Amino acid sequence: LTHAPLHKLVQGHLARLEGRTEDASACFREVLASNLAAKESWLTQWCLVGLAWIEHSGGMAASARELLARALSLDPDGSSLISPLPAVVAAVAELVVESDAERGALIWEMASRLGHRARYYPMYAQDVARITAIVDRARGERGIPVPDVPADLTAADAIAECLEALASMDASLDQVT
């Protein structure tokens, strides 16, 4: 019974790789609700990273705020080797780049900088490659230079930029409706 959350975590990642995002999201959220995830921060981090990569599609703005807050609470300075922050920030970059290429490129560079201190798990290499291609294409189409991100970037700086970008997206959506 104590292995049930681990089993669900594996099921979630398999569902994600198979493109069954609703199933994957349900698995990750079930693990996050378990007592084991509350005691084992690595388990929570794996769930947050999984959610970040699947929930960026289809209006992630509301859940992104929750994921950002939880990731920051697990790793306030963004320096843990198993930090969920790089993946969460990168997912926001992918969400933002279509509506605001310049800001999306900046957030992606921030995710990359955070990722140099932490590490991306190998199963996310395809996600990193996909986002790099999306951001590079957006930069090339719009002539946006590679943003300058300070070497002393903090996790809080990256989160603040993500939240500002999400608020801007919300404001744009409100104007449309």
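## A tour from a surface network to the nonpolar core

Begin by selecting Asp 23, which is partly exposed, with a relative accessible area of 39%. The model on screen is a predicted one, and what follows should be read with that in mind.

**Stop 1: the salt bridges around Arg 20**

With Asp 23 still selected, add Arg 20, and the two form a salt bridge in which the closest N and O atoms are 2.7 Å apart. Now add Glu 18, whose side chain meets that of Arg 20 in another salt bridge, with an N to O distance of 2.7 Å. Taken together, Glu 18, Arg 20 and Asp 23 make up a linked network of salt bridges. Are the residues of this network buried or exposed? Glu 18 is exposed, at a relative accessible area of 54%, while Arg 20 is partly exposed at 36%, and Asp 23 is likewise partly exposed at 39%.

In general, side chains of opposite charge can pair when their charged atoms come close. The count for this model comes to seven salt bridges, and another of them is worth visiting.

**Stop 2: a salt bridge between helices**

Select Glu 161 and Arg 103, which form a salt bridge with their closest N and O atoms 3.0 Å apart. Glu 161 belongs to helix 9 (residues 155–176) and Arg 103 to helix 7 (residues 101–117), so this pair ties together parts that are 58 residues apart in sequence. Both partners can be checked for cover: Glu 161 counts as buried at 15% relative accessibility, and Arg 103 counts as buried at 17%.

**Stop 3: Glu 109 in helix 7**

Stay on helix 7 and move to Glu 109, which has its place there and is buried, with a relative accessible area of 18%. Its side chain is joined to that of Arg 139 by a polar contact of 3.2 Å. If neighbours within four places in sequence are set aside, the contacts of Glu 109 are with Arg 139, Val 146, Pro 147 and Val 149.

**Stop 4: helix 1 and helix 2**

Next, display helix 1, covering residues 4–17, whose 14 residues reach 20 Å from the first C-alpha to the last, close to the 20 Å expected at 1.5 Å a residue. Colour its buried residues, which are Pro 5, Leu 9, Gly 12, His 13, Ala 15 and Arg 16. Looking down the axis of helix 1, you will find these buried residues within an arc of 160°, so they line one face of the helix. Just after helix 1, pause at Gly 19, where phi is positive, at about 85°.

Then turn to helix 2, where the 13 residues should span 18 Å at 1.5 Å a residue and the end C-alpha atoms are indeed 18 Å apart. Which residues of helix 2 are buried? They are Ala 24, Ser 25, Cys 27, Phe 28, Val 31 and Leu 32. Seen down the axis of helix 2, its buried residues fall within an arc of 160°, and they therefore line one face of the helix. The face turned away from that buried side carries the exposed residues Glu 22 and Ala 33.

**Stop 5: the nonpolar core**

Phe 28 leads inward, being one of the residues with the most contacts inside the largest nonpolar core, a set of 51 residues in which Leu 68, Val 89, Val 92, Ile 107, Trp 108 and Leu 166 are also listed for their contacts. Among the elements that give two or more residues to this core are helix 1, helix 2, helix 5 (61–74), helix 6 (85–97) and helix 9. The largest share, eleven residues, comes from helix 6.

Select helix 6 in full: 13 of its 13 residues are buried, and from first C-alpha to last this helix reaches 18 Å, close to the 18 Å expected for its 13 residues. From there go to Leu 68, which touches Val 88, Val 89, Val 92, Ile 159, Cys 162, Leu 163 and Leu 166, not counting residues up to four places away in sequence.

**Stop 6: Val 135**

Finish in helix 8 (residues 125–142) with Val 135, which is buried, at a relative accessible area of 1%. Beyond residues up to four places away in sequence, Val 135 touches Val 97, Ala 105 and Trp 108. As a last step, draw a distance from Val 135 to Ala 93: C-alpha to C-alpha they are 8.4 Å apart in space, although 42 residues separate them in sequence.

Conventions: Residues are numbered from 1 along each chain as its sequence is written. This is a predicted model: local features need pLDDT of at least 70, side-chain atom pairs count only at pLDDT 80 or more; totals for chains, interfaces and linings use all residues. Side-chain values use heavy atoms; hydrogens and water are left out. A salt bridge is a side-chain nitrogen of Lys or Arg within 4 Å of a carboxyl oxygen of Asp or Glu. Buried means under 20% relative accessible area, exposed over 50%, partly exposed in between (1.4 Å probe, protein chains only). Helices (H or I, at least four residues) and strands (E, at least two) are DSSP runs, numbered from the N terminus. The expected span of a helix is 1.5 Å times one less than its number of residues. The arc is that of the directions from the helix axis to the C-beta atoms. Contact means heavy atoms within 4.5 Å. A nonpolar core is a set of buried Ala, Val, Leu, Ile, Met, Phe, Trp, Tyr and Cys residues joined through side-chain atoms within 4.5 Å. A polar contact is a pair of N or O atoms within 3.5 Å; within protein, one must be able to donate a hydrogen and the other to accept it, and residues adjacent in sequence count only if both atoms are side-chain atoms.
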